[in-house]
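The exercises below are meant to be worked through with the sequence and the 3D structure side by side. Try each task before reading its solution.

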Amino acid sequence: MQLRGHPSPIRRLRFWPLWIASVTLPLLALLGAALFAWSREQNAAEARLRTSLDLLHEHALRAFETQEALLAAVLWRIRDISWDEISADTGIADMLHHLVTHAPAISNTGLTTPDGRPAHVASLPSPPPAVDFSDRGYVRHQQGPGAGPYLSEPLVTRLRGRRVFVYSRPRLDAAGRPDGGVVWTTFAQADFNAVYAGLLAGTRDEIALLRASDGLILASHPPPPPPSDGISPQDTAALGAVARAAVAAPDEVVLLHDVSPLDGQRRLYAARIVAGDVPAVVVRGLHPAGPVGAWQRQMAGLAAVAAATALVLLWLTWLVRGGAIRETEALDQARVEAEHRAEAEAALRRNHRLQVLGEVVAGVTHDFRNTVQAVQGGTVLARKAIAAGDRERAGKLLELMADAAGRGAALTDRMLRVARRDGAAEAQPTFDPAATLAAVADLLARTLPAGYPLSLDIRPEGLPALVAGAPAEFEAVLLNLAFNARDAMPEGGAIAISLAAEPPQQAPEGLPAKLRRDLRHARISVADAGIGMDAATLARLQEAFFTTKPPGKGTGLGLASVRAFVRGAGGTLRIESPGPGRGTTVTIWLPEATAEPG
């Protein structure tokens, strides 16, 4: 039900923030989880890189230590003898052959004279073929001032056509200076590539062994470009930045991003130099698809959870919205009913005032007729006295006429006060309970028929000067109670009205706690000796439209109007009856009027 002048419940209830929150909150949670998962996956990937690099470093270190031991043994064997003696000594050739045969990690080894000719080659019979190796980098390097441990670029051997890279050292003379001769060993590139391929099975990562000086790739997976005879560093793939970073921190694992020369993919690389005197660097490169794939698999589950959460929140919002709309509509309906009830109560009080006024008018018609007859008769007599020149008699008659007119005006004023709605004109209407009660008793004495004597007992001690309530409504309430008392005594009977003070400590239950403690009350009682009520009837007096009168004689609205007046004044009401045939007493407590409203 939509009220005129009021927005609809759906418009008043702003649910769009809940709809938005039902979607955005799971999305924000998903975003936070995605960032956290990505950071965690990156850290895990770096940890895996470091762990796998330790394994690669250990493998390369053992391989180079084997080569170093072989080279040291050969250099010891050829110490203090000339190159001619070395070339003619077949025992040296047998030693080289024995070393290669019993050291699987060694592909080949040999000795090269200062003029670049092979003195001995382990894989060839002695003397070896006359081949010129002077153009090889591993030979040239040992003839210059920077002679020392050296790794060549990948190359194809001229004698056997194998793809290798060479590790060489210079031969020193008696003074400890390089004499131009070279002792060397070779690493088969395919051996390293096979090991690396086995470690990377099922992944798109990258492993490489680099030359420390320039980052030239010696072995890798994926395999490096195939070498050719006469190859130069410019013709091969390299990771120079990675190698330089590893050389700059020889005792640490370095991490950096670089573009792979093997497939053009940018990777996160972990690198470490093999040893301080070994010019090689091991590298592990992480393909971005690995962490991204692991992260995406995590996010698939998280996204499913976020979607389910959003659906649940949307469903709950829909339920809450429906419930809130129903509650709002119920509240609107209750407010409409309350407004209608308030209007009905106001109309009830007006109707009862008019009903009471009608009974009052019917009861005082005789008094009005007597007043009118007194004025009319006095006018005739006064005119005759004036015509007879009896001015004294005429003056007395006019005084009698004025008194009669005054009584009629007072009676009219009391009836008008019963009829008008002066309670709505004041924020906090008040009245003098003693004066108002006396005026109403006078009106009732003129209204009630013969056989219903009225007694009024006003005890002024401690009585509040003013009490809360509209005087006109109070008068209507008393008239209504007196007429109910009259109707409860069909054969006639006395009606007793009393007024006394009620100190705060003696106030009855049912009043607000503040009034019980702080305020005096005026206690007004209307008692009759009529038909009375049993307990069941007393219990039903709270029901709307309940009446003890026979059908057609009452509406049940009189007591409701009394209760509405008492509640509006902040007082309380009590109805008591000893039992059927023993009369009824209605007592009203009205609080002392305060300076502040309410």
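**Exercise 1.** Compare the expected span of helix 11 with the distance between its end C-alpha atoms, and decide how far the helix is enclosed.

*Solution.* Begin with the length: helix 11 covers residues 471–487, and at 1.5 Å a residue its 17 residues should span 24 Å. In this predicted model, the end C-alpha atoms of helix 11 are 24 Å apart, which agrees with that expectation. Next comes burial, where a residue counts as buried when its relative accessible area is under 20%. Of the 17 residues of helix 11, 15 are buried, so the helix is largely enclosed by the rest of the structure.

**Exercise 2.** Describe how helix 10 and helix 11 pack, giving angle, handedness and contact residues.

*Solution.* The axes of helix 10 (residues 433–447) and helix 11 are 10 Å apart, and the two helices pack at an angle of about 40°. An angle that is neither under 35 degrees, nor over 145, nor from 65 to 115 counts as oblique, and helix 10 and helix 11 are therefore oblique to each other. Their crossing is right-handed. On the side of helix 10 the contact is made by Thr436, Leu437, Val440, Leu443, Leu444 and Thr447, while helix 11 contributes Pro471, Phe474, Glu475, Leu478, Leu479, Ala482 and Phe483.

**Exercise 3.** Find the strand order of the sheet with mixed pairing, name its edge strands, and place helix 10 and helix 11 on it.

*Solution.* This open sheet has 5 strands in the order 13-15-16-18-17, with mixed pairing. Strand 13 (454–458) and strand 17 (572–576) stand at the edges, and each has a single partner strand, so one side of each is left without a neighbour in the sheet. From one strand to the next, the twist averages 15°. Helix 10 lies across strand 13, strand 15 and strand 16, and runs at about 170° to strand 13. Helix 11 also packs on the sheet, where it touches strand 15, strand 16 and strand 18, and its direction makes about 25° with that of strand 16.

**Exercise 4.** Follow strand 16 to its partners: how many bridges join it to strand 15 and to strand 18?

*Solution.* Strands of a sheet pair through backbone hydrogen bonds, either parallel or antiparallel. Strand 15 (residues 495–502) is joined to strand 16 (residues 521–528) by 8 bridges, and the two run antiparallel. Within this pairing, Ala496 stands opposite Ala527 of strand 16. Strand 16 also pairs with strand 18 (residues 584–591) in the antiparallel sense, over 8 bridges, and here Asp528 stands opposite Thr584 of strand 18. As for burial, 6 of the 8 residues of strand 16 are buried, so this strand is largely enclosed by the rest of the structure.

**Exercise 5.** Now turn to the sheet with antiparallel pairing and say which helices lie across it.

*Solution.* Its 5 strands form an open sheet in the order 8-7-11-10-9. The edges are held by strand 8 (217–221) and strand 9 (254–259), each with a single partner strand, so one side of each is left without a neighbour in the sheet. Neighbouring strands are turned by 25° against each other on average, direction ignored. Strand 9 pairs with strand 10 (residues 266–275) in the antiparallel sense over 6 bridges, and Val254 has Ala271 of strand 10 as its bridge partner. Helix 2 (residues 16–77) lies across strand 7, strand 9, strand 10 and strand 11, and runs at about 150° to strand 11. Helix 6 (residues 189–199) lies across strand 7 and strand 8, at about 35° to strand 8.

**Exercise 6.** Work out how helix 2 and helix 6 are arranged, and is Arg50 buried, exposed or partly exposed?

*Solution.* The axes of helix 2 and helix 6 come within 12 Å and cross at roughly 160°, which makes helix 2 roughly antiparallel to helix 6. The crossing is right-handed, and its contact is made by Leu55, Leu56, His59 and Ala63 of helix 2 with Phe192, Val195, Tyr196 and Leu199 of helix 6. Arg50 lies in helix 2 and is partly exposed, with a relative accessible area of 38%. Leaving aside its neighbours within four places in sequence, Arg50 is in contact with Val253 and Leu255. Arg50 and Leu255 are 205 residues apart in sequence, and their C-alpha atoms are 9.0 Å apart in space.

How values were computed:
Residues are numbered from 1 along each chain as its sequence is written. This is a predicted model: local features need pLDDT of at least 70, side-chain atom pairs count only at pLDDT 80 or more; totals for chains, interfaces and linings use all residues. Side-chain values use heavy atoms; hydrogens and water are left out. Two strands pair if DSSP finds at least two bridges between them. Helices (H or I, at least four residues) and strands (E, at least two) are DSSP runs, numbered from the N terminus. Axes are lines fitted to C-alpha atoms, for helices over the stretch in contact, and angles run from 0 to 180 degrees between N-to-C directions. Contact means heavy atoms within 4.5 Å. The expected span of a helix is 1.5 Å times one less than its number of residues. Buried means under 20% relative accessible area, exposed over 50%, partly exposed in between (1.4 Å probe, protein chains only). A crossing is left-handed if the near helix is turned anticlockwise from the far one by less than a right angle, and right-handed if clockwise.
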